[in-house]
Amino acid sequence: MAVRLRVVIAVFIVTAIVVVASALLTYSFGNRVLRAHAREEARLEVIAQLEQLVTTVKDAETGLRGFIITGQESYLGPYNDAVNRLPQEIEKFKNVAKIDISPADADKVLQLIERKMAILRTAFELRRNAGFEAAAAIVQRGEGEQIMEELRAAIGSLQAQETAALQRDRNLSDEVTRMRTNVFALTALINVIFLVWAYQRIAESIKLRDEALARARQQSAEVQKQKDLLSVTLSSIGDGVMVTDQQGRVDFMNGVAEKLTGWSLAEARGRPTSEVFHILNEHTRERVVSPVEKVMSEGVIVGLANHTLLVRKDGSEVPIDDSGAPIRDADGNLCGVVLVFRDFSEHRTAERELREARDAAETANRAKDQFLAMLSHELRTPLTPVLATLNLWETSEDVPAALRSDVQMLRRSVELEARIIDDLLDLTRVARGMLSFSPENTDVHALINFLTELSHSEAAGKELQIVLKLDADRHNVYTDAARLQQVLWNILRNAIKFTDSGSITIATTNDARGKIDISISDTGIGMTSETMSRLFAPFEQADRSQNKRYGGLGLGMAISSALVELLEGKLVAQSKGLGRGSTFTVSFPTATTGAAPTSEPEPAPPIDRAKIKLLLIEDHADTARALVKLLGSRGYNITSLATVASALEVAGRETFDLFLCDLGLPDGTGFDFIEKIRQTRKTPAIALTGFGMQQDVDRAAAAGFDAHLTKPVNLQKLEANIWRLVQDRQ
């Protein structure tokens, strides 16, 4: 018995030594594999960065070539992008070059890039300042092409060196991996020998033999029962399932796994998993380590990275997604691996279709925004000379006093027409949360009286009576007066539009909580419940059957509803049916104090206009003539020019207090003008344009403009900005 105990102790000691030694060897080999992989990744990064440097220089050369040929700076996009990216990519190259590239080789590449970019910058400056022939002469000398060839040769040599080193690292990694596998196999063999010895010792014990056998038979029956149940379950699920033994050999495959791999269970049983489950990276075509190997080495659940392909038995490929998990016995020992995988083709197709649909929607949305911006510009531009002329007449003594109210009415109508044009842009701003607000104390009754006067002629033309019942004691609200005016104007115009006879009643009341309710009721065509369900949807007509008769874009109510919500109010529509009229009610909390609504900007304080020298750059002849006449009548010293070149020339000779600049000009843009001006002086500048999108405002500010005014320009707002900017400069 003592001899047997010594033998058992000796075997356990030997086994422990083997396990510890194998663990240490495995750890050592694992570290070597990780270091080899790290070197591989570093060399791949060096190769990729070298290729990226060549690509960036090519992009710069390609973008500049288009500019040299056409002279249009719109072709400079690739060149500018390449110039902006190059410093970062050079810094990345310097970092990765420290790994395995000599400083002399790295400096050679960087010097060639610098020489190449210097030639490109020279050609760019010559084309912009001296014309095509001067830039073409630089290109025709061939120096840039020679440098490019030297750069390609230098980078190609470095890539070849790195590729050779990469292959050596991969060979070393494979050798170390094989050695680690052999250590695993040897350890497993020793463990099996120990288990056999232990079983023989147990079998020699007669006392325990019958009990051990009985337990073994009972356990075997239970295991077989569970195995049969598991086999049926795995065969019925929709994913491929593969089970391996402790050595990673295939022990079981369900029908889906057989179909995906092209191997039958009879063919695959006992084979290494890597032979049956052969997987590659979709992009690099490199072999991917099997999840079975990862589970056996790490003992945890693992999954594949994206873009993994399963190579079937016949050589065809299918994208898959999978995961592997360890199988452990009752004592927690790893005795196999279960691998679950599925065909990822449909998911991949769905992702691609979704991406394409999203890209198409974004493209359509950008096209819509561009169309709306251009439409707004084209509609606003003709209104500018009209509004400027009306502003001039309004203050001119040559206009009879009897016509002055009519001129004021025309001016307000043009300003509101410009507000209607803004509806198209407001719809986009509302959707993107980009509307700006300027809240102030506003007298609702004064605002209603103003709108009633404005719509008097239109209502009188249809013989409609407008009845006012302004009974609210508290009629001041703290809100954006212009936006509230826009909401009420949309509702009132609709009431007039859809009422052929009868009256329109505008009433105000206060509720118990101090809110003011503004109701606009008409005796017009009315609405059905189906009509009211889509009343506030963009581009929807209240009654489609009446569309041809009444027209319209269907934006007024959608924008009004959105504005009221953003102003923290409430808009409700009611109707008893067709032919029975409609009522729209707007509710807002009232303010404790109020003032008259600011339907127009506050006029600029009195100034000595004769001392202010303005330069107007405007190519639209009617607009330029009207603004010069209007501002001249106000006493300003104003000069008008139509091109960027002439404006730069005059600005270089004379001193001005402020620039008024259109953005679209025959020989360039207002951005070109202000960027050149900002290189030498800080003279205030106002952008006058028909483009009123938020990105237009932001771009003007970024270019150097101090203010952005949308055509048609309100005289009081223009003068207020002129005075503010001149005062700030002083």
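In this predicted model, the charged end of K313 sits over the ring of W263, 4.9 Å from the ring's centre. A second contact of this kind involves K613, which lies over the face of F656 at 4.9 Å from the ring centre.

Aromatic rings also meet one another, and six aromatic pairs are counted. One of them joins Y79 and F124, with 5.6 Å centre to centre and 20° between the planes, and is stacked. Y79 belongs to helix α2 (residues 77–100) and F124 to helix α3, so this pair links distant parts of the chain, 45 residues apart. Y79 is buried because its relative accessibility, 5%, falls under the 20% limit. F124 is likewise buried, at a relative accessible area of 10%.

Another pair is made by F277 and F341: their ring centres lie 5.0 Å apart and the planes meet at 55°, so the pair is tilted. F277 is in the loop between α9 (273–276) and β3 (278–281), whereas F341 is in strand β7 (residues 334–343), so the pair ties together parts 64 residues apart in sequence. F277 counts as buried at 1% relative accessibility, and F341 does so at 0%.

Back at F124, the ring is part of an aromatic cluster with F67 and Y79. The helix that carries F124, α3, covers residues 103–129. Its 27 residues reach 38 Å from the first C-alpha to the last, close to the expected 39 Å. Buried residues in α3 include A106, V109, L110, I113, K116, M117, L120, F124 and R127. In an α-helix there are 3.6 residues a turn, so residues three or four places apart point the same way. Just after α3, G131 takes a positive phi of about 105°.

Terms used:
Residues are numbered from 1 along each chain as its sequence is written. This is a predicted model: local features need pLDDT of at least 70, side-chain atom pairs count only at pLDDT 80 or more; totals for chains, interfaces and linings use all residues. Side-chain values use heavy atoms; hydrogens and water are left out. Helices (H or I, at least four residues) and strands (E, at least two) are DSSP runs, numbered from the N terminus. The expected span of a helix is 1.5 Å times one less than its number of residues. Buried means under 20% relative accessible area, exposed over 50%, partly exposed in between (1.4 Å probe, protein chains only). Rings of Phe, Tyr and Trp (its six-membered ring) pair if their centres lie within 6.5 Å; planes under 30 degrees apart count as stacked, over 60 as edge-to-face and the rest as tilted. A charge sits over a ring if NZ of Lys or CZ of Arg is within 6 Å of the ring centre and within 35 degrees of the ring normal.
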